[in-house]
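Visitor: I should like to understand how the terms used for a protein model are justified. May we look at one together?

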Amino acid sequence: MGRTEVRDGTGGTGDAVIRLDGVCKVFDVYRRTGLLRRERREVRAVDGISFEVARGETVGYIGPNGAGKSTTIKMLTGILVPSGGSVRVAGIDPSRERTRLARRIGVVFGQRTTLWWDLPLRDSYDLVRRMYRVEPARFRANLDRCVDLLDLGPLLEVPVRQLSLGQRMRGDIAAALLHDPEVLYLDEPTIGLDVISKAKVRQFLAEVKAAGATTVLLTTHDLTDIEQLCERVMVIDHGRLVHDGDLAGLHAVGASERVLVVDFARELPAVDVPGARTVRVEGPRQWLSFPASASAAPLVAEVAARYPLVDLSVREPAIEEVIARLYGDRASL
Amino acid sequence: MGVYRAVLAGGFRRYATYRVATLAGVFTNAVFGMIMAYTYIALWRVRPHLGGYDETQAVTFVWLGQALLTTTALMGGGCETELINRIRTGDVAIDLYRPVDLQGWWLATDLGRAAFQVVGRGVLPMAVAALLFPLAWPSSPLVWLAFLVAVALGVVVSFAVRYLVALVAFWLLDGAGVVILSNLVALFFSGMVLPLTVFPGALGTAARVLPWSALLQVPADVFLGRAGGAAGVLGRLAFQAAWAAVLLGAGRLMQSVATRKVVVQGG
């Protein structure tokens with residue numbers, strides 16, 4: 001289950017920019033049980049999480065809705081105070097020194113905007129410059145780079161309310177990077193975007209990553225974001241880390257499966273091919289499940305040799321399925 | 001300071017964007033101003049020198065009320081609705097991770113809004129009024145200056161109250177009821193319904209010392225030269241400044257409790 005060792009000492013391990021040690025966040029939830037009575041119930045949104053992220057690393061932080069991702073990010077920005085454990089970002093305790101930390105981090109919430117709704121994009125950037133006291137020359141250079149890489153040129157004079165979701169998201173990402181943050185939190189930066197906008201955002205983030213100066217924590221439901229940007233992925237479920245390692249490891253641990261969908265010339269009984277099991281039959285179409293780590297080629301060859309194959313496609317495992325399986329394994333331990 | 005200046009300027013420009021809305025607002029001001037002016041005239045004909053004002057001063061008071069209606073947010077409509085909405089939806093999280101003080105940010109936004117509205121919704125209705133009614137204008141530039149300071153302090157007091165009201169949303173999650181209550185109180189205790197000098201006894205005394213009198217009654221008294229000489233004017237301004245300090249302080253306190261204790265909504 002990845003790194004579980006806890007490194008101690010206030011000096012830390014030198015290059016860890018983000019360090020969580022046994023962090024918990026407990027919310028009280030009240031439920032009405034009668035006319036005036038209510039019952040208090042504790043919800044452990046984050047339940048003992050420890051991890052470190054080194055300088056310049058880009059780490060995926062994934063999990064189903066309500067797993068505790070946003071709660072973690074809020075504790076990392078200092079908006080929420082942890083109920084237990086310790087959090088350090090760039091050596092700072094976020095909830096104690098939220099404003100001091102704010103100068104050194106950037107945050108992008110896919111579902112929210114930091115931009116001034118009624119005013120041109122440029123005004124929001126000018127505000128960022130003043131807010132973070134960015135030197136004019138450095139601001140100029142950063143803005144030029146973002147405008148260039150994110151195609152913001154024609155949008156600078158447009159009021160934010162007139163931007164499309166994809167344009168607005170690019171605008172938000174630029175706003176989060178103009179002050180050269182050491183740490184960048186991206187909370188679902190590609191949510192709701194079309195394929196082209198997603199590609200643009202990923203390409204830009206890949207450039208940020210290549211520059212190597214920024215530590216990135218990326219939350220997403222889109223496995224492609226993780227595949228293209230992160231060597232390391234952490235999976236959280238029910239407030240606990242259930243995986244911390246590389247993506248291949250995630251598939252292995254999650255025993256994830258791909259599905260080969262085949263169309264035959266006619267209706268057939270469920271086919272029987274080695275290395276796969278038929279999970280569904282619907283008329284001439286059948287679904288064959290096989291391990292994600294295995295190659296599809298021999299399986300396709302086998303099916304084509306033995307049956308009247310008309311068409312086929314391969315479905316990749318959905319991240320939610322992988323996570324669901326991961327959690328299912330944990331529960332059965 | 002540069003940040004807050006930029007936020008203020010942004011607040012100004014945000015409101016300046018909606019010109020048609022401003023013109024529609026001025027029209028509403030003019031209609032309401034006329035209805036109230038004729039009502040006051042009828043009242044003052046029956047009871048001359050009611051509250052110590054002559055008829056011209058009473059009519060001027062009406063139009064000052066219209067001019068300051070949106071500026072000092074006598075019926076609400078400043079930043080509080082937006083802030084409550086941001087607390088409810090969780091967008092306030094974005095305000096909280098900026099390296100800027102939350103109260104300072106919203107004060108600057110509200111001052112920017114007021115700066116626009118004193119021009120857009122203040123000067124224009126007064127100009128309309130000047131064409132239709134004889135008005136009691138200040139006698140010297142110094143009085144104008146004192147009036148502007150009184151309006152500025154009125155905006156700060158108004159903001160400080162509305163900020164407190166908005167922060168309640170951190171606990172109630174829906175601030176609509178509190179806002180309605182707060183607006184009703186502001187409408188009456190600012191002097192928008194009738195000048196506070198008209199009310200007798202304990203109610204009148206209470207109304208004059210409550211913070212809301214800083215929103216309209218005090219600026220109007222300064223404008224109409226009824227504050228009683230330089231010392232009187234300075235006294236009124238000090239009254240406003242004191243309320244501003246107390247209420248902003250209360251806002252800071254409530255803000256630190258809210259941000260430490262309360263959950264920011266939404267994922």
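Guide: Certainly. This is a predicted model. In chain A, strand 1 (residues 16-32) runs antiparallel to strand 4, and five bridges join the two strands.

Visitor: What makes strand 1 and strand 4 of chain A a pair?

Guide: Pairing requires at least two bridges between two strands. Five bridges join strand 1 and strand 4 of chain A, so the requirement for a pair is met. Within this pairing, A:Arg19 stands opposite A:Arg88 in strand 4 of chain A.

Visitor: Why are strand 2 and strand 4 of chain A called edge strands?

Guide: The open sheet has three strands in the order 2-1-4, with antiparallel pairing. Strand 2 (38-54) and strand 4 (84-89) of chain A each pair on one side only. Neighbouring strands of this sheet are turned by 30° against each other on average, direction ignored.

Visitor: Which helix lies across these strands?

Guide: Helix 1 (residues 69-77) of chain A lies across strand 1, strand 2 and strand 4, at about 120° to strand 1 of chain A.

Visitor: Why are helix 5 and helix 6 of chain A called roughly parallel?

Guide: The axes of helix 5 (residues 165-177) and helix 6 (residues 195-211) of chain A cross at roughly 15° and come within 10 Å. Angles under 35 degrees count as roughly parallel; helix 5 and helix 6 of chain A are therefore roughly parallel to each other. Their contact includes A:Ile173 of helix 5 and A:Phe204 of helix 6 of chain A. The residues of this contact divide into six nonpolar, two polar and two charged.

Terms used:
Residues numbered from 1 in each chain as written. Chains lettered and ligands numbered in written order. Predicted model: local features only at pLDDT ≥ 70, side-chain atom pairs only at ≥ 80, totals over all residues. Heavy atoms only, no water. Axes fitted to C-alpha atoms, helices over the stretch in contact; angles between N-to-C directions. Helix = DSSP H or I, 4+ residues; strand = E, 2+ residues; numbered from the N terminus. Parallel < 35°, antiparallel > 145°, perpendicular 65-115°, else oblique. Contact = heavy atoms within 4.5 Å. Nonpolar A, V, L, I, M, F, W, Y, C, P; charged D, E, K, R; others polar.
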